[in-house]
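This report introduces a protein structure to a reader who has not met it before. It takes up single residues as well as the chain as a whole.

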Amino acid sequence: QVQVVESGGGLVQAGGSLRLSCAASGGAFSILAMGWFRQAAGKEREFVARISWSGSSTDYVDSVKGRFTISRDNAKNTVYLQMNSLKPEDTAVYYCKATIPTIAGETDYWGQGTQVTVSS
């Protein structure tokens with residue numbers, strides 16, 4: 001069973017930085033892509049960033065472009081989200097998703113989430 005575990009959340013002042021990590025484990029598997037989503041209190045979960053596992057394709061939601069950078073370490077099945085110039089509106093629970101190919105097609109595995117709080 002694939003497990004996805006996030007780490008690196010915390011409390012930071014506006015303008016500060018945090019680096020989130022997410023590792024996928026649980027046997028032999030390949031990864032198609034990994035991504036970050038976030039959910040603020042009272043709001044729906046939204047896409048933040050995504051990176052393909054082959055090549056270097058990345059995507060970001062407009063609100064984080066130029067501030068957040070997603071990267072990966074294929075050998076460690078780990079994805080990172082470097083968050084700079086953080087704003088109070090970035091406060092949310094950040095979730096990691098790993099997309100893995102299966103016989104049925106693709107399966108998404110989610111982490112438990114890590115809290116990011118940005119104070120003004």
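## A buried lysine in strand β9

Lys97 has a relative accessible area of 17% and is therefore buried, since burial is set at under 20%. The model in which this residue is described is a predicted one. Lys97 has its place in strand β9, which covers residues 92–102.

Which residues is Lys97 in contact with, leaving aside its neighbours within four places in sequence? They are Ala33, Met34, Gly35 and Phe37, together with Asp108, Tyr109 and Trp110.

## Two buried tyrosines

Strand β9 also holds Tyr94. With a relative accessibility of 0%, Tyr94 counts as buried. When neighbours within four places in sequence are set aside, the contacts of Tyr94 are Glu6, Leu20, Trp36, Phe37, Arg38, Val48, Phe68, Leu81, Met83, Gly113, Thr114 and Val116. Gly113 is 19 residues away from Tyr94 along the chain, and 5.3 Å separates the C-alpha atoms of these two residues.

Tyr80 belongs to strand β8, residues 78–83. Its relative accessibility is 13%, so Tyr80 is buried as well. Outside the four places on either side in sequence, Tyr80 is in contact with Arg19, Leu20, Ser21, Trp36, Thr69, Ile70, Ser71, Arg72 and Asp73. Between the C-alpha atoms of Tyr80 and Ala23 there is a separation of 8.9 Å, while their positions lie 57 residues apart along the chain.

Leu20 and Trp36 are among the contacts of Tyr80, and Leu20 and Trp36 are also among the contacts of Tyr94.

## Loop residues with positive phi

Two loop residues deserve attention for their backbone angles. Asn77 is not a glycine, yet its phi is positive, near 50°. Asn77 is located in the loop between β7 (68–73) and β8. Is Asn77 buried or exposed? At 19% relative accessibility, Asn77 counts as buried.

Ser85, likewise a residue other than glycine, has a positive phi of about 50°. The loop that contains Ser85 runs between β8 and β9. Ser85 counts as partly exposed, because its relative accessibility is 42% and the partly exposed class lies between 20% and 50%.

## The chain as a whole

How many helices and strands are there in the protein chain? There are 0 helices and 11 strands. Read from the N terminus on, the order of elements is β-β-β-β-β-β-β-β-β-β-β.

The radius of gyration of the protein chain is 14 Å, which agrees with the value near 14 Å for a compact globule of 120 residues. Along the principal axes, the C-alpha atoms fill a box of roughly 45 × 30 × 20 Å. Of the 120 residues in the protein chain, 41% are buried. The exposed area of the protein chain is about 6200 Å², and 48% of this area is supplied by carbon and sulfur atoms. Among contacts between residues at least 6 apart in sequence, 52% join residues at least 24 apart.

## The largest pocket

The largest pocket holds about 180 Å³ of space. It is lined by 13 residues, of which Arg38, Ala40, Lys43, Glu46 and Glu89 are the closest to its centre. Sorted by class, the lining consists of 8 charged, 3 polar and 2 nonpolar residues. Arg38 is thus named twice in this report: as one of the residues closest to the centre of the largest pocket, and as one of the contacts of the buried Tyr94.

How values were computed:
Residues numbered from 1 in each chain as written. Predicted model: local features only at pLDDT ≥ 70, side-chain atom pairs only at ≥ 80, totals over all residues. Heavy atoms only, no water. 1 Å grid on protein atoms, 1.4 Å probe; cavity = no way out; pocket = protein on both sides within 12 Å on 5 of 7 lines; lining within 4 Å. Points joined across faces, edges and corners; volume = space filled by probe spheres on them. Nonpolar A, V, L, I, M, F, W, Y, C, P; charged D, E, K, R; others polar. Helix = DSSP H or I, 4+ residues; strand = E, 2+ residues; numbered from the N terminus. Buried < 20%, exposed > 50% of the residue type's maximum accessible area, 1.4 Å probe, protein only. Contact = heavy atoms within 4.5 Å. Rg over C-alpha atoms; globule rule 2.2 N^0.38 Å. Areas by Shrake-Rupley, 256 points an atom, 1.4 Å probe, with all protein chains shown as cover.
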